[in-house]
Amino acid sequence: MGVAMKHSYSISGYHTRLRPATMDDAEFIVRLRTRPGVIGNVGDTRADPAQQREWLRAYEQREGDYYFMIETEAGTAVGTIGLYDVHNDAAEWGRWIILPGVPAAVPSCILIYRFAFEVLRLREVRGNIVESNRRVISFHQRFGALQTHVQFRARQIGGEWINLVWILMDRERWVRTEARVQPLAEAAGRAMTQIVEPVCF
């Protein structure tokens with residue numbers, strides 16, 4: 001399967017869709033990643049759509065890297081999420097940013113795990129979260145992910161060294177988790193149908 005085919009996957013559920021990021025998404029991605037509430041919780045991003053397009057152009061040639069726009073079923077983009085470093089039945093997921101007030105967290109989390117475990121047939125998925133981002137760490141713990149360790153001084157963001165909390169979801173844990181979070185996903189999906197206009201930020 002060629003790279004182009006690998007970057008054509010979409011997956012939908014709960015009135016939410018993950019569809020492949022394209023060059024046309026560069027400006028939205030930059031605006032999303034440079035919001036005040038996001039800076040410091042993701043890698044450094046310059047407010048430069050041209051640079052983002054160059055990143056996307058390189059991404060389109062990479063194997064084992066899937067970058068999705070999170071959108072409503074009507075096609076309104078509300079965030080991003082990615083699955084990458086796919087190797088030996090395992091992968092890392094992240095690049096997860098959602099506009100404030102949009103109830104896409106549970107649906108998009110379910111969809112990325114379904115993509116990992118049902119489409120790619122992976123054995124496990126890991127991820128990392130900036131240690132100070134307690135809200136997101138708490139979300140993943142409630143969602144059923146296992147916290148495995150803290151990596152100290154793991155990355156520089158904004159010129160400062162930060163610690164990363166690593167989480168893990170394997171296929172068996174996911175089967176138990178998915179059934180438990182279905183009611184939350186259904187409620188969030190109903191709320192997603194109320195987003196009928198492009199989200200401004």
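Helix α4 covers residues 105–119 in this predicted model. It has 15 residues. From first C-alpha to last it reaches 20 Å, close to the 21 Å expected at 1.5 Å a residue. Twelve of the 15 residues of α4 are buried, so the helix is largely enclosed by the rest of the structure. The buried residues are V106, P107, S108, C109, I110, L111, I112, Y113, R114, F115, A116 and F117. An α-helix has 3.6 residues a turn, so residues three or four places apart point the same way. After α4 comes R121, with a positive phi near 60 degrees.

Two of the buried residues in α4, Y113 and F117, lead to the aromatic rings. Ring pairs link W93, W96, Y113, F117, F139, F143 and W174 into a cluster. The protein has 15 aromatic pairs by the 6.5 Å centre-to-centre rule. Take W93 and W96. Their ring centres are 5.3 Å apart and their planes meet at 65 degrees, so this pair is edge-to-face; the cut-off for that class is over 60 degrees. Both W93 and W96 are buried.

W96 also pairs with F139. Here the ring centres lie 5.4 Å apart and the planes are at 50 degrees, so the pair is tilted. W96 belongs to strand β5 (residues 90–98) and F139 to helix α5 (residues 134–143), so the contact ties together parts 43 residues apart in sequence. Both W96 and F139 are buried.

Charges meet rings as well. The charged end of R62 sits over the ring of W55, 5.0 Å from its centre. R95 lies over the face of Y67, at 5.5 Å from the ring centre. R95 falls within β5, residues 90–98, and Y67 within strand β3, residues 66–72.

Strand β3 brings us to the strand pairing. Start at β1 (residues 11–13), which pairs with β2 in the antiparallel sense over three bridges. G13 has T16 of β2 as its bridge partner. The two strands form a hairpin with two residues between them, and Y14 there takes a positive phi near 55 degrees.

Strand β2 (residues 16–20) then pairs onward. Five bridges join β2 to β3, and the two run antiparallel. One of the links sets L18 against I70 of β3. Thus β2 has bridges to β1 and to β3. Four of the five residues of β2 are buried, so this strand is largely enclosed by the rest of the structure. In a regular strand the side chains alternate between the two faces of the sheet.

Now step back to the whole chain. The protein has six helices and eight strands. From the N terminus on, the elements run α-β-β-α-α-β-β-β-α-β-α-β-β-α. The hairpin of β1 and β2 is the β-β that follows the opening α in that order.

The totals come last. Of the 201 residues, 47% count as buried. Among contacts with a separation of 6 or more, 64% join residues 24 or more positions apart. The pair of W96 and F139, with its parts 43 residues apart in sequence, spans a separation of that kind. The protein exposes about 10,100 Å², and carbon and sulfur atoms supply 50% of that area.

Terms used: Residues are numbered from 1 along each chain as its sequence is written. This is a predicted model: local features need pLDDT of at least 70, side-chain atom pairs count only at pLDDT 80 or more; totals for chains, interfaces and linings use all residues. Side-chain values use heavy atoms; hydrogens and water are left out. The expected span of a helix is 1.5 Å times one less than its number of residues. Buried means under 20% relative accessible area, exposed over 50%, partly exposed in between (1.4 Å probe, protein chains only). Rings of Phe, Tyr and Trp (its six-membered ring) pair if their centres lie within 6.5 Å; planes under 30 degrees apart count as stacked, over 60 as edge-to-face and the rest as tilted. A charge sits over a ring if NZ of Lys or CZ of Arg is within 6 Å of the ring centre and within 35 degrees of the ring normal. Two strands pair if DSSP finds at least two bridges between them. Contact means heavy atoms within 4.5 Å. Accessible areas come from the Shrake-Rupley method with a 1.4 Å probe; for residues, only the protein chains shown count as cover.
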